[in-house]
Amino acid sequence: MTTTRTSELIRAVSAWIDTAPANADRDPEALLWGRVAKVGEEAGEVIAALVGATGQNPRKGQSHTLADVERELLDTAMTALAAVAHLHAHDAEPPDVLALLDDHVLTVARRAGLA
């Protein structure tokens with residue numbers, strides 16, 4: 001899949017969330033808060049999967065795998081990128097969210113002295 005197609009799908013998923021019946025009439029600020037809070041919820045699921053993969057809960061033992069951790073990390077990344085797309089939903093020309101990510105990765109790499 002091309003990065004352009006991936007960005008289009010991220011924007012499509014974001015629009016689908018925004019127009020879902022439960023969200024269609026929601027106050028824009030509440031919708032934004034919900035989208036950002038969802039990123040935190042997904043991060044919590046990563047932690048739960050890591051606890052399960054490392055067997056940190058004696059009552060449950062090893063209840064997850066590292067593949068589960070990976071899947072939850074990707075869910076978190078997707079949720080964050082969809083929230084970024086939401087921020088630009090009403091732009092005349094919405095940006096390519098993966099290009100925004102690429103720019104940010106380059107900025108962080110430069111700060112680390114890697115680029």
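Here is a friendly exchange about Asp96 and the helix α3 in this predicted model.

Residues are numbered from 1 along each chain as its sequence is written. Local features need pLDDT of at least 70 and side-chain atom pairs pLDDT 80 or more, while totals for chains, interfaces and linings use all residues, and side-chain values use heavy atoms, leaving out hydrogens and water.

Reader: Which residue has a side chain joined to that of Asp96 by a polar contact?

Author: Asp96 sits in the loop between α3 (66-87) and α4 (97-111), helices being DSSP runs of H or I of at least four residues, numbered from the N terminus. A polar contact is a pair of N or O atoms within 3.5 Å, one able to donate a hydrogen and the other to accept it; residues adjacent in sequence count only if both atoms are side-chain atoms. At 2.4 Å, the side-chain partner of Asp96 is Ser7.

Reader: How far apart should the ends of α3 be, at 1.5 Å a residue?

Author: The expected span of a helix is 1.5 Å times one less than its number of residues. For α3, with 22 residues, the end C-alpha atoms agree with the expected value, which is 32 Å.

Reader: Which helix gives the most to the largest nonpolar core?

Author: Such a core joins buried (under 20% relative accessible area, 1.4 Å probe, protein chains only) Ala, Val, Leu, Ile, Met, Phe, Trp, Tyr and Cys residues through side-chain atoms within 4.5 Å. Here the largest one holds Ile10, Leu81, Ala82, Ala85 and Val97. With three residues, the top contributor to this core is α3.

Technical notes. Helices (H or I, at least four residues) and strands (E, at least two) are DSSP runs, numbered from the N terminus. Buried means under 20% relative accessible area, exposed over 50%, partly exposed in between (1.4 Å probe, protein chains only).
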